Structures are given as C-alpha cells and as structure tokens.
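Grab your viewer and work through these short exercises. Each task is followed by a step-by-step solution.

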Amino acid sequence: MKKTVDPTDRGFIGDTNAPLQSTLAAEYSMLGQSLQRRGVRIDEISQLVSAFGVALPSWGVGTGGTRFARFPGEGEPRNVFEKLEDCAVIHSLTGATPTLSLHLPWDKTDDFAALKEKAAALRLAFDAVNSNTFQDQAHQRASYKYGSITHTDPAVRAQAIEHNIDCIRIGRILGSKALTLWISDGANFPGQQHLARAFERYLASAAEIYKALPDDWRLLIEHKMYEPAFYATVIQDWGSSLMAAQTLGPKAFCLVDLGHHAPNVNIEMIVARLVHAQRLGGFHFNDSKYGDDDLDAGSIDPFRLFLIFNELVDAQWRKAPDFSPAHMLDQSHNVTDPIESLMGSAVELQRAYAQALIVERDLLGQYQQDNDVLMATQTLKRAFTTDVSPILARARLDKGAAIDPIATYRASGYRAACAAKRPTGTGSRSGIV
Ligand code: RM4
Ligand code: MN
Ligand code: MN
C-alpha cells in the first residue's frame, strides 16, 4: 500500500522541496539577470506574486459534471467541513488560495460559527458568499422554474430576496464582505418574457437585497450570456450588469466570469471599461472554448488571461480609483482531480499576474504614443513569452509552500486517503455547474 502523509505538514513540504532548491536557485538567478537587463527587479516581482491570492470555489473541490452525466470522483468531500480540508491542502501547497467562496444552500450547516473556527484553524478565510436561486431546494415554498428575483409572481420574488438576505446573515458570521448575485432568470422563447419589465423587476428586487448589505459589503452582480435560459437572460452582459450596479448604488459592482461571454469577445476590453466606470467588483476565473465551459484557468487561452491581468496591473500602476477587484475561481472539474486542477489554476493566475508585472510599461506607453504598433505589441509579447516559473516557485518556497505543488500532492497520497474515509456516492450536491 502507498504511504499517506499529511500534505499540509510543513516538514513534509520542506522535505519534498529540498532536492529541488538548487536548480530553482540557479533558474531564478538566471531569470533575474535577464529581467534586470529590462530594468525589472525580480525580487519585487516575486514579492508581489507572493502577496497575490485567489479564492477557491467551495463547489470546485467536488467533481463536476455535464448535462449528460456526472462521474463521481474518488474521495470527494461530503460536506462543507470536508471541503475546507481540501481547500487547506490547496493553500498549503500553493500558498495562493487563502480564502474560499461558499455557495448556499449547497454549503449549509447548522453551525457556521464552528465552520469559521475550523477555517481559521486551517489558515483560511471567507470571500464572497454566493446565493442560489437557480434550483429548487427540498421543502421550498415556491418554485424557481420560471425565475427567481425577476419572477412575475411577487411571492417567488420575495422568497428569493429572503434567501439572499439570509446569505448576507451567514456571510457576516463567516467574515465575508460580499454577496455574489448570479441569477439564471431569463427566457427560452421569444415572447415568453417581457424583456423590459423583467429587468425592472430585477432592479426592484436587487434594491431590497442591496438595502440589507452592511456598509462595508459589496454586492457583486454576475452577468452570463446564456444557459440555462437559451433565448434571453435578464442579466446577460456587462451592460446590464453595469446599469444595475449604477442604479443600485455605490456598494454594487460588476463581476466578470470569464466563461460568460460569446466566443471571441474581448474580455480585457470589458475589464478596462469597468475599471473606468469604477465598478469592477471581481472575477470568476476559468477558461472556455465554446461557452460556459468552466475549464481550468489558463488551460485554453493563456494569452487572454495575460491580457486581462495586463489591464489589472495597468489599473493598479496608474492608481485607478476604487480599484480592488475580488479574485475568485469558478471551475468545474469533470475529468481531473479537483485539487490538482485548482492548484494548477491558482498557479496559472499567478503566472499571468507575473507576466503582466514584467511588462515594460513606460516603454509600452511610449510606443503607443508614437503609434509604433509593432514595437508596442512586441513589448507585450516579450512579457508573455517570458517563462516566469522560477518566480512563482520562489514565491511559494518563501511562504513555506511547495516548489512543485502537484508532485508534492501526489507524493502525499491524500486522494487515496480521502477515498478510504469518504465513500463515493455521498459527495457534494454541487455536481452540475
Ligand atoms: C453559474 C455561475 C455562478 C455559479 C454557478 C454554479 O454559471 O458561474 O457563478 O455560482 O454557475
Ligand atoms: Mn461564475
Ligand atoms: Mn458559470
């Protein structure tokens, strides 16, 4: 039988790092010299990378599925406490995921105070809470089949509003500072829904939720082009989301889920516009080829991820006002070990961030000013094609995390240990996302 070690154990991580350290030191120093020739100080970059964090989606540590089937993974977490344990493994090995985002009622428990305590013991905290009015729960008064906060029936709207307010209450216990509002409301057929009135009902209901927000909280409005509504979704694009945020008030912001756009949409441009409007609230990072595919961040189009981070770093660099977007992952893992996918994605975000940080911004600005198109685009490409892996590994090493998170995770035997103590078939309900 393969041995099992606690992958969060510092001693174990240190032991697996030991044989890799001298190669890393050599690679880091070589990269440092090459960056220095561009006027970039590598230590500054690795400190910034080290300070970067992204929230894990609690629903992402379970195995996902498609509309056709779900194949349960081995040793899936059976409840939110076990989800926390998996998140702690990811954070211990990457040092990049200090927070997680809950989804309610998927993550319901009778004791949220105990959950908070357990999280603190595992060095984890809570980012935005997500409400769920896109499926019916057992014993629910009214059905969301034809919508939730935009439903034509005020009783359904009231129930959905109440649920969101309850999420805020739970979030306050946990120390969250934001509520993410994604609704699946929309229409499958032309004529099914009065397009203008549905949006008006959205604004009125969202205003009720907004009223319940504590002063230091944000409402993150997530848009999505389609699915499950296939003809018209009420908050289908960043225009609707921005209008809603601006109507609701200063605590309302837009959340950009990368997968929620038509293929080929220029997401970095949307980011730039939302930064301008001072309403960029945060991200759900993932990747996609066709639609809301929820694939691992950076797995399909790493250049696009880099271009998004380029906008974020640029906004930081020019001190854009009211700029502090939340970074969260929102992925569904059907054919990989969710822990490995989430670790890989956190690292890919750091990679895009590091690449964006090494863009020679003064030079780029000058090329843009002079309309030197070729040199401007090459300046971006130079940063993107630089292998920043030694910076990422160094940032992890400095924090006591793993130089090679996935290899270390595999060496620990954690998944096999989970499979033994968490029987298959009783896994999380957040299967098909
Ligand atoms: C949606 C959307 C939401 C997520 C659900 C599970 O497509 O991305 O953020 O909460 O899926
Ligand atoms: Mn999302
Ligand atoms: Mn989605």
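Before we start, a definition: two strands count as paired if DSSP finds at least two bridges between them. Keep in mind that the model is predicted.

**Exercise 1.** Work out how strand 8 and strand 9 pair, and how the chain gets from one to the other.

*Solution.*
- Step 1: Strand 8 and strand 9 share 4 bridges, which passes the cut-off of at least two.
- Step 2: The sense of this pairing is parallel, and V256 sits opposite F283 of strand 9.
- Step 3: Between the two strands the chain passes through helix 9, giving a right-handed β-α-β crossover.

**Exercise 2.** Find what lies on from strand 9, and say whether strand 9 is enclosed or not.

*Solution.*
- Step 1: Strand 9 also runs parallel to strand 10 (residues 326-329), joined by 4 bridges.
- Step 2: One bridge pair here is H284 with M328 in strand 10.
- Step 3: Strand 9, helix 10 and strand 10 form a β-α-β unit that is right-handed.
- Step 4: Buried means under 20% relative accessible area; 6 of the 6 residues of strand 9 are buried, so the rest of the structure largely encloses this strand.

**Exercise 3.** Identify the protein donors of the manganese ion (ligand 3) and place them in the fold.

*Solution.*
- Step 1: The donors are H260 (NE2) and D292 (OD), at 2.2 to 2.5 Å from the ion.
- Step 2: H260 belongs to the loop between strand 8 (252-257) and helix 9 (267-276), and D292 to the loop between strand 9 (280-285) and helix 10 (302-317), so the pair ties together parts 32 residues apart in sequence.
- Step 3: Both H260 and D292 are buried.
- Step 4: Now look for the other ion: the manganese ion (ligand 2) is 3.9 Å from the manganese ion (ligand 3).

Methods:
Residues numbered from 1 in each chain as written. Chains lettered and ligands numbered in written order. Predicted model: local features only at pLDDT ≥ 70, side-chain atom pairs only at ≥ 80, totals over all residues. Heavy atoms only, no water. Donors = N, O, S within 2.8 Å, 3.2 Å for Na, K, Ca; no water. Buried < 20%, exposed > 50% of the residue type's maximum accessible area, 1.4 Å probe, protein only. Right-handed = clockwise from strand over helix to strand, strands pointing away.
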